[in-house]
Amino acid sequence: MNSPASAWKQWLAENGPRLLLFARGWSNSRHDAEDLVQEAILRMWHHQAEKGGGPPDLPLVFSTIRFCGLNHHRSESRRRKREESVIYLNDFQDVWLDPVLEEDEEAVILREAVQNLSQKLREVVVMKFWGGLTFLQISETLAISPNTAASRYRYALEQLSHELRRVKEDRHASA
Amino acid sequence: MQAPDPIETILARLMPPALSQDAQFEIEAMIDELAGPEAENVVGISAGRWLARVVIGGGIAAAVGAMFAISPVFKGSREQQVAVASPVLSNSGLVLVSESDRIESMTDEGWQENPDGSAMRALRLNAVEENNVRDEETGMEVLISEAREEILLMPISAF
């Protein structure tokens, strides 16, 4: 039988990328997102200790990352107010998603579009598409109804579709 | 089955990147630290170490027995059993040669709430009391073994 540590490491290897992607929505950088994942796992470890010590269900971890992210966001907002002169620059390589194929123009456009979705829509898309959660699980994580979760997902796909069409038309027009 | 939206088909060509090696290492180190020593590093007591078991078991029994003696909160009174047994022994011509009371197993039952709202930790004990008695007339010795289950409630003073 696997030790708890082995089970958790295996679980981390399977789910780390999707947790990181979700955490990106609550962080300024990849590094901050990884810290957020680590904090959530620490909280989950103590939480699961009373339930046999095994790895947790994904919806609960998403929810915990969101909670930790909210806390960080609040303290970050306060810090930013104090340090208004600081300029935040995006690292060129610091992307949320990697295209599976090289030179996949559509995928790269959608990657930007996903990052630019509103927080509400992006959370649902990430949890549904890359997290593999059902609308019911998403609704429990975000404390919304399953219908609202499904509506947000459909609306997000419409926005992504619209953005893809717009960018492609612009590029063809300028070519 | 519903056909995927064309956008979903493109989204499927995007994958979330893995955690960086540093982050993966840090989290795994944290898990190791939280988990403590691996189970395989813990040395089990082999069958040949029965003496150690007896000594350790006796120590536990003695400790729990001492708790029985000083704690008013356990269910199932041992004193009552002794009080009933002794007159029978004295009237039947039987002499108590030796007695023992050992704990066979102990299970942590978690927390329980008292009627006054205070928290108690419950331990379920399987104990065996053995009395070796001798019949004065015939000289025969008889071993009387009585298994019982008790719940020990201990006040929780620290969280």
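A residue is called buried here if 20 or more other C-beta atoms lie within 10 Å of its own, and exposed if 12 or fewer do. By that rule, buried residues make up 34% of the 175 residues in chain A, a chain that belongs, like its partner chain B, to a predicted model.

Chain A has seven helices and one strand, and, followed from the N terminus, its elements run α-α-α-β-α-α-α-α. Of the contacts in chain A with a separation of 6 or more, 63% are between residues 24 or more positions apart.

The confidence of the prediction deserves attention before any detail is read. The mean pLDDT of chain A is 87, and 89% of its residues reach 70 or more. Residues 85–92 of chain A, however, have pLDDT under 50 throughout, and for this stretch the model has two contacts beyond four places in sequence. Where pLDDT is low, the predicted coordinates should not be read in detail.

Helix α4 of chain A, which covers residues 105–116, is a useful place to begin looking at the fold. This helix has twelve residues and reaches 17 Å from its first C-alpha to its last, close to the 16 Å expected at 1.5 Å a residue. Its buried residues are Ala107(A), Leu110(A), Arg111(A), Ala113(A) and Val114(A). The cover over these buried residues of α4(A) comes from both chains: it includes β1 (98–99), α5 (119–130) and α7 (146–174) of chain A, together with α1 (6–11) and β1 (14–15) of chain B.

From this helix the view can widen to the contact between the chains, which takes 32 residues from chain A and 24 residues from chain B. On the side of chain A that touches chain B, the elements giving two or more residues are α1 (4–24), α2 (30–49), β1, α4, α5 and α7. Among these, α1(A) gives the most, with ten residues. The residues on this side of chain A divide into 21 nonpolar, four polar and seven charged.

Strand pairing also links the chains, for β1(A) and β1(B) pair in the antiparallel sense over two bridges. In this pairing, Pro99(A) has Leu14(B) in β1(B) as its bridge partner.

Within chain B, strand β2 (residues 94–113) runs antiparallel to strand β3 (residues 119–135), and 17 bridges join the two. One example is Ser105(B), whose bridge partner in β3(B) is Asn126(B). On to the next strand, β3(B) pairs with β4(B), residues 141–155, again in the antiparallel sense and over 15 bridges. Here Asn132(B) stands opposite Leu143(B) in β4(B), while Arg124(B) has Ile151(B) in β4(B) as its bridge partner. The hairpin of β3(B) and β4(B) has five residues between the strands, and in this hairpin Gly139(B) takes a positive phi near 80°.

A positive phi also occurs in chain A, at Ala143(A), where the value is near 55° in a residue other than glycine. Most residues other than glycine have a negative phi. Ala143(A) lies in the loop between α6 (135–142) and α7 of chain A, and this alanine counts as exposed because it has 8 C-beta neighbours inside 10 Å, where the limit for exposed is 12 or fewer.

Terms used
Residues are numbered from 1 along each chain as its sequence is written. Chains are lettered from A and ligands numbered from 1 in the order in which they are written. This is a predicted model: local features need pLDDT of at least 70, side-chain atom pairs count only at pLDDT 80 or more; totals for chains, interfaces and linings use all residues. Helices (H or I, at least four residues) and strands (E, at least two) are DSSP runs, numbered from the N terminus. The expected span of a helix is 1.5 Å times one less than its number of residues. Two residues are in contact if their C-beta atoms, placed from the backbone, lie within 7 Å. Ala, Val, Leu, Ile, Met, Phe, Trp, Tyr, Cys and Pro count as nonpolar, Asp, Glu, Lys and Arg as charged, and the others, Gly among them, as polar. Two strands pair if DSSP finds at least two bridges between them. pLDDT is the predictor's confidence in each residue, from 0 to 100.
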